[in-house]
Amino acid sequence: MELLLGTFPVEAVAFGTPPGWTGGRLVIDPARVRARVLEDPRIREVAVDLVEPGERARIVHVRDIIEPRVKVAGRGHAYPGVCGHPPETVGDGVTFRYGGFGVLIASEALPHVRRAVSAATDSVIDMSGPGAVTVYSTLRYLVLTLTTEPRLELTEWNDALRGAGHRVADDLAAPLRGQAAPAEQRFGLAPVERPLPRVVHVHTLNASMVPGIGTGIYGYTPHALPILLHPNEILDGAITGDAVVTYPGKCTWLHVNNPVLPALYARHGADLAWVGSIVARTRWGSLHDKQRSAYQTVKLAEMLAAQGALVTWNHGGNDLIEVMLTIQGLERAGIKTVFLTIESDIKVVRMTPALAETGTEEPPLLFSVPEADAIVSTGTLAPADALPRMARVVGGHEVVLDQERPDIRTPAEGPLDLEALSGAYSPIFGHFDNYGLGCQSYDDY
Amino acid sequence: MLRVGHYLNQFFAGIGGEERAHVPPSVRDGPVGPGRLLQALLGDLGAVTSTLVCGDNFFNEHLEDAAAAVRAWLRRVGPDLVVAGPAFAAGRYGSACAEVCRVAAETGVPAVTGMHPENPGVVMFRKAYIVPTGDSAADMARALPIIVALGRRLASGATIGPAEREGYLPRGVRRPGMRERPGAERAVAMLVAKLSGRPYRTELPVDAYESVPPAPGVRDLRRATIGVVTTGAIVPRGNPDHLKRCSETRWCRYDLGGRAALSPEEFECVHGGFYNQPACANPNVVLPLDALRELEREGAFARLLDFYCTTTGNDQRLADCKRNGAEIAQALQAAGAHGALLVAT
Amino acid sequence: MSKEIERLGVPVTVISALPPLAMQAGANRVVPGVKIEHVCGDPSLSPAADRALRRRIVERALRALAADVQGPTLFDGA
C-alpha cells in the first residue's frame, strides 16, 4: 500500500461564491452548505458560521470535527463505511486534504440523549484566552449548528448529525480533485534495507457500551476482536468518531491527524521497521473479555514477529485494564513496549500549585502492571483559570455543566468557572492529548 | 550562615556496630564522622552546629521516644537545615532518617537525606527529599555534595524543580511541565532507545497502592450483622438526591424498609460509567438484596442492616473516595456491622 | 473505599467484575463478579438461574468475610 497525501493549507476562510480553494484561501458558499445539510429531513434548521483561531469566540455543543478529505485516485472513499461511503479498503492511491481546517458539527444534546448517554456532555472550544489550550483552538472552522427533530432516537440523531457533517466535508473536498497540491507526502511501509527492530503500533480504541454509537473502524462500532490495519487506512479515515460523546479521543479529526503515525513513519527504515497497526477495542464488560482481547492482540503482534510495541489508548477508566493486560502480555512475550498515555485529571483537582501538591499514596494511573516500565505522559490540558466572557458564541446559547441537572443552564458566553461547575473532567473539547500532539507532560516532584 | 543539624546512627557516629544499635539518642556539638565532610562541603556558607546520634534499633523500636528526641533537639538547636544520614542500603537507618525528615517537616525545618532507592526508608515518608545513593558508604564522596546542594536550596526557600532535574527521588507529587518534544516523538524515541538497549527514563513511575492490614475475619457469621454498600449508584426511582452519573463527591444512605428484594419500580441505577439498563431492570444484580434476605432468613448470618450506602464509582476523585469510605465505615460501625459486602463497579 | 471500612476493623468483601483492579487497589477479600453491568447476576439466564447465581456469589462473599487473610486474596471457588 502506498498513499500520496496532498495537503491544501487553509490560511483564510470566507463565505462567497464560487466556492473553492486558491492559494491558501478557502471560499465557502453558505447557501450550498445549508442545502446539503437540509437534504436530510431529520434536520430542521442549520446555521453556518466561520470561526478562526485568535478570535474572542467560544464554540459550544461540539459534537465532532471532520477534516475534509477526498480520494483522488485509488480504491475507496475517504472515511469509508460511514454515512453512505462504501466500505472498500482504503490506504492506497492519492488523497487530498485541507490542512488546519475542519467542519465542526455543533448541536445540543437532546434531553433523552443526555439521560441515556452521560458522556454526551456540552463541550466548548475557546479560540483565544486561557481556555485556548488544545489543538482545536488552532484550527479554522466551518461550524454547522444543527437543530434536529426533537424526538430522534439516539442512533438516528447520531446518523443525522454525522451525515450532515460528512456531506458538507465531502462537498468541500471534492473540488480539490482537479488541483495540484502545494505539499505532498508519500506514506508506505517499504521493506527495510537492513535488519531493524520490528515495531507494531497497538492502537487500542474504545468501543461504546451503548449499542449503535461510538468510534468505528470502517463504520463498525461494536466491541470486536483485534484487527490489523495498515497505517494508511487510518490516514484515509478508516477510524471515525460519532457525534454523541465528547471525550477527546473520539474525534474524527484527531484520528486522521494522529501524530503517532507520522512519528513512526519518520523512523521507519531508519531505526525501526514498522509492521502495522493492531486496533484492539477497549472497555469490554468483563475481565474475561478484556483478557481475551489482550491475548489476541499479543498473538497478532507475535505473528508479525514484532520486537517492540508502541501502545496507545483513547479513553479513560476501566479501558486501562485491558490496555495494561496487553502491555503485560506483550512484555511477557518478549516484545518491548512503550505506553503513550494521558494522565487523568481526577488526581489533580486543578493546576494551581497548591492543589497540585496532592501527593496521594495512590498511583497516578487507575491500574498498572509492573511491566509498564516505559511510559510517556501527555498529562492533561485542563486549564487552571476560569474561562472568561467571550464576545462571540457559536453553536448554542447556554451550556449544561452537570448532566444530572440539565435544568441548570449557564450562559455560554461565560465567565465559566469550570471547577465549580463540572466534575473531574473538563468540558473543554480535547483537553486530553491522547496521541501526543503537544509537549505538555507531568514531572515528579 | 547556614546552621545545619546532622543526624547519624551509632555506626557512622563511631560508637559501634550492631552491638550498639540500642543506644538511645544523644547530642554532640559540631560535626561527627561524615559530618566533617559535610562541614567541609558547606565551606564558608554554613556549619554543622550539632549532631544527633541514635542507635538504629532504639529508633525503630521506640519510635515515639525517638521522634520526641528529634523534636527536642530541633527546638534546642534551631537549625536552618537538617541533614539525615545518608543511610545507603541500611534499612533501619533509612527509616530513621525518613522519620527525622518527617519530624523536621512538621516543625517547619527544611530537611534532606540520602539512601539507596530500594531502602525501605524511601516509602516511610514520601514527602522527604531523598537523594538516591549507592548501597554502601563507598558512595559517600559522590552523594554528599548532591545532598548538600539540594539542602542549601531547600533552606534558601528557592523553588525546587522536578525530581529528575534536581536529583532527588520522586515524592509522589506530580505537576504539569513542558518537555522538549511532542509526546508522539518522545514515545517513538523511547521505544527505539529501549529496543537498542540504551537507557531511557519513564515519565510515569508506577508504584504500588497503599495496603491496609486485613481486619480479622468475622468470628461467628451466624451471629453477625452484615452491611451492604455499592458504588453502583442504586437509588430510589427518581434519584431524589440527584446522585451524579459521574464525578460524584458524596454518598447516600437509603433505608431498605424490610424489603425482601429491590424492585425496578422503586429503585434504579444512575451510574454513568457502564450500560446501566440491566441494573435498572433488576437492581438486585448490583445490590443483591434478594440473595442477602434469603440467606438472612436461613440463618447464614444474624441480621442485615436495614439500610444501604451507595455512591457513583465513576471517575470519583480519590480524595472523595477516601472520605466517603471513611464516613460509610463510621455509619456501618455505628450501626453495629461485623462485616460488609461492597459491590464494586 | 473498602480500605477505609477495613481500617476501622470491619472486614469487607469486595464483589467486583474486575478483581485485578480491586486487588491492586488493596482490597483484602475479593470475590469475582459476573460483568461490570451486572456484577451479582446474569440477566441472560432464567430468573431462577440468575437468582441462584446471585446467591452463590453472596455466599462466597460471606465465606470470605469469615476467613482470615494475610493480604489481597481472591476467593474464586477454585
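**Exercise 1.** In this predicted model, determine which strand of chain C is joined to β13(B), and by how many bridges.

*Solution.* Step 1: the partner is strand β1 of chain C, residues 12-16, and four bridges join β13(B) to this strand. Step 2: the two strands run parallel. Step 3: at the level of single residues, B:L341 has C:T13 as its bridge partner in β1(C).

**Exercise 2.** Describe the contact between chains B and C by the residues that each chain contributes.

*Solution.* Step 1: chain B contributes 45 residues and chain C contributes 42 residues. Step 2: on the side of chain B that touches chain C, two or more residues come from each of α8 (277-281), α9 (289-297), α10 (318-334) and β13 (339-343). Step 3: α10(B) gives the most to this side, with nine residues. Step 4: sorted by class, this side of chain B has 31 nonpolar, 10 polar and four charged residues.

**Exercise 3.** Identify the element that supplies the largest share of the side of chain A that touches chain B, and state which strand of chain B pairs with β27(A).

*Solution.* Step 1: the contact involves 58 residues of chain A and 50 residues of chain B. Step 2: the elements of chain A that each supply at least two residues to this side are α6 (260-267), β21 (308-312), β22 (336-341), β23 (375-377) and β27 (440-444). Step 3: β27(A) has the largest share, five residues. Step 4: by class, this side of chain A has 29 nonpolar, 16 polar and 13 charged residues. Step 5: β27(A) pairs with strand β7 of chain B, residues 174-178, in the antiparallel sense over five bridges. Step 6: within β7(B), B:R174 is the bridge partner of A:D444.

Definitions and conventions: Residues are numbered from 1 along each chain as its sequence is written. Chains are lettered from A and ligands numbered from 1 in the order in which they are written. This is a predicted model: local features need pLDDT of at least 70, side-chain atom pairs count only at pLDDT 80 or more; totals for chains, interfaces and linings use all residues. Two residues are in contact if their C-beta atoms, placed from the backbone, lie within 7 Å. Ala, Val, Leu, Ile, Met, Phe, Trp, Tyr, Cys and Pro count as nonpolar, Asp, Glu, Lys and Arg as charged, and the others, Gly among them, as polar. Two strands pair if DSSP finds at least two bridges between them.
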